Structure formats: C-alpha cells, structure tokens
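The following account leads the reader through the arrangement of helices and strands in one protein chain. Please keep the sequence and the model in view while reading.

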Amino acid sequence: MTALLEVEDLRVSYGKIEAVKGISFTVNQGEVTTLIGTNGAGKTTTLRTLSGLLKPTGGKITFEGKPLSGVPAHKIVSLGLAHSPEGRHIFPRMTIEENLLLGAFLRRDPAGVQEDVERAYTLFPILGERRKQAAGTLSGGEQQMLAMGRALMCRPKLLMLDEPSMGLSPLMMQKIMATIVELKASGMTILLVEQNAQAALSLSDQGYVLEVGKVVLTGTGQDLLHNDEVRKAYLGED
C-alpha cells in the first residue's frame, strides 16, 4: 500500500503539559485509519496538529512524501488535507449552502465548486432540501453532515473526521458511519477519530489505540475488534 500520511514520533505540548508523547502511525492511500482512545488520549490534539492549528514540539509529519512542519493551516488545506472538527463548528447564521461554499474558499473553479455542492446534496439529501435554511436550525446529526460536506468541498486527498458520531442518536450515527463507508468506496482516504470503537473499527483497515498521548496497540480494524484488551476497555465486554 502507498503511504499518504506518515507520522513519526510526534510530540505536542500545551505549555509544560505534553499531550502527545511520541506517537507514530501511517495512513495508506484509499484506506480508513482510526485512532481510538478515551478522553485526554491525545486524539483531537493529533488532528489539530496535522491541520496546522497546533505546532508540534517534536517529530515528523510527512504528506505525499513532503514534510508538513512549519506549513500554515491554509496551505495544508490546499495540499489536500481537510479537517471536519470535533463539535462541527459550522456557522449557524449562514445558510447551509453558504457553509458549504466556505469549504471551497481556496478554489478558483466556480463550475467545479457548484458541481461539488450538488455532490454534497447527493451525499446528504436533507441538506439539499434545506439549502437556504440557516445552519443553526439543523439537528446535531444534520450539522455533522454539513461539517463533513464542507470538508469535502476542497476535494481533499485525506479527510480527517474528529468524533463524527458524538452526541448523535443511534440512527443518525448509523447514517454517518454508512456515509464514511460510501466515501471509502469512492476511493477517499480517511483518518477517523472516534470514541465509538465498535463502529469505527468495524469499518477501518487499520487502527491505533491511544492512551495518555501514546500508541499502546495497533492492528487491523478486525484484529483490534477481537483483541481482549480493546474489548474490555472500549467495547464494554468482560
């Protein structure tokens, strides 16, 4: 498999507190790679660092063979990394369509942008039905769809999803996970951070378990699903 993203010995600190303590992982082209772990494990910090929102204190991040260290966030987006953040962070007073168009702010191909807006509506029909509605009036699940659709508007080579099922009903969570499967089938490479380990590992090619800023287990999604330590700690099984 071709490695799209390689992270080696990544370290990230908040002041004197080291949140990520030398983790290494690889995201292969066309695969879903999942980071699981409890709150405080360093998952979100890792994604924010990959996006250029935080500066690492050590280690190496390589995307398509090129180092990302020191590259500003907007240029990282232009290289093909899109981040759908934890908490969605949509713009509530703007319409659904305006939120989507913000995801294409670096693009200069109006026809292609409009094509991708329609593609987002095909992926998430409820957004198309309400395209002129203020985004803040959407349900939590619909806002998650919008956040994902916005991230897709830059035509990313790597889509990073941070806790896409957080706070959603079981039915809406199933819809979001089914969308991830659909995106993977289309050839999208995805880095998924998710507390619902069962759902995430079920659709993952590769998984990494983080605890207090360190990788403690790695394997295929199926291997981790059947790992006794993972089953006890993250799947609620004895």
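At what angle do the axes of helix H6 and helix H7 cross? In this predicted model, the axes of H6 (residues 140-152) and H7 (residues 170-185) come within 10 Å and cross at roughly 20 degrees. An angle under 35 degrees counts as roughly parallel, and H6 and H7 are therefore roughly parallel to each other. The crossing in which H6 passes H7 is right-handed. On the H6 side, the residues in contact are Gly141, Glu142, Gln144, Met145, Met148 and Leu152. They meet Met172, Lys175, Ile176, Thr179, Ile180 and Leu183 in H7. Sorted by class, this contact of H6 with H7 has 7 nonpolar, 3 polar and 2 charged residues.

Both helices also lie against a sheet. This open sheet is built from 6 strands in the order S6-S7-S8-S3-S9-S10, and its pairing is mixed. Strand S6 (81-84) and strand S10 (214-220) are the edge strands, each pairing on one side only. On average, and with direction ignored, neighbouring strands of this sheet are turned by 15 degrees against each other. At one edge, S6 runs parallel to strand S7 (residues 158-162), and 4 bridges join the two. Within this pairing, Ser84 has Leu161 in S7 as its bridge partner.

The placement of the helices can now be set against these strands. H6 lies across S6 and S7 and runs at about 170 degrees to S6. H7 lies across strand S3 (32-36), S7 and strand S8 (189-193), and its direction makes an angle of about 155 degrees with S8. S7 is thus among the strands that H6 lies across and also among those that H7 lies across.

A second sheet is described next. It is an open sheet of 4 strands in the order S2-S1-S4-S5, and its pairing is antiparallel. Its edge strands are strand S2 (17-28) and strand S5 (66-67), each of which pairs on one side only. S1 and S2 run antiparallel and are joined by 9 bridges. Leu10 has Ile23 in S2 as its bridge partner, and the partner of Glu6 in S2 is Thr26. These two strands form a hairpin with 2 residues between them, and Gly15 in the turn has a positive phi of about 65 degrees.

Moving along the sheet, S1 also pairs with S4 in the antiparallel sense, over 5 bridges. In this pairing, Leu5 stands opposite Phe63 in S4. Strand S4 (residues 58-63) is in turn joined to S5 by 2 bridges, again with an antiparallel run. There, Thr62 stands opposite Pro67 in S5. Helix H1 (residues 43-50) lies across strand S1 (3-14), S2 and S4, and runs at about 115 degrees to S1.

How many aromatic pairs does a search of the whole structure find? The search finds 1. The pair is formed by Phe25 and Tyr208 and is tilted, with 5.7 Å centre to centre and 55 degrees between the planes. Phe25 lies in strand S2 and Tyr208 in strand S9 (residues 206-211), so the pair ties together parts that are 183 residues apart in sequence. S2 is an edge strand of the sheet of 4 strands, while S9 stands between S3 and S10 in the order of the sheet of 6 strands.

How values were computed
Residues numbered from 1 in each chain as written. Predicted model: local features only at pLDDT ≥ 70, side-chain atom pairs only at ≥ 80, totals over all residues. Heavy atoms only, no water. Axes fitted to C-alpha atoms, helices over the stretch in contact; angles between N-to-C directions. Parallel < 35°, antiparallel > 145°, perpendicular 65-115°, else oblique. Left-handed = near helix turned anticlockwise from the far one by under 90°. Contact = heavy atoms within 4.5 Å. Nonpolar A, V, L, I, M, F, W, Y, C, P; charged D, E, K, R; others polar. Pairing = 2+ DSSP bridges. Phe/Tyr/Trp six-rings, centres within 6.5 Å; stacked < 30°, edge-to-face > 60°.
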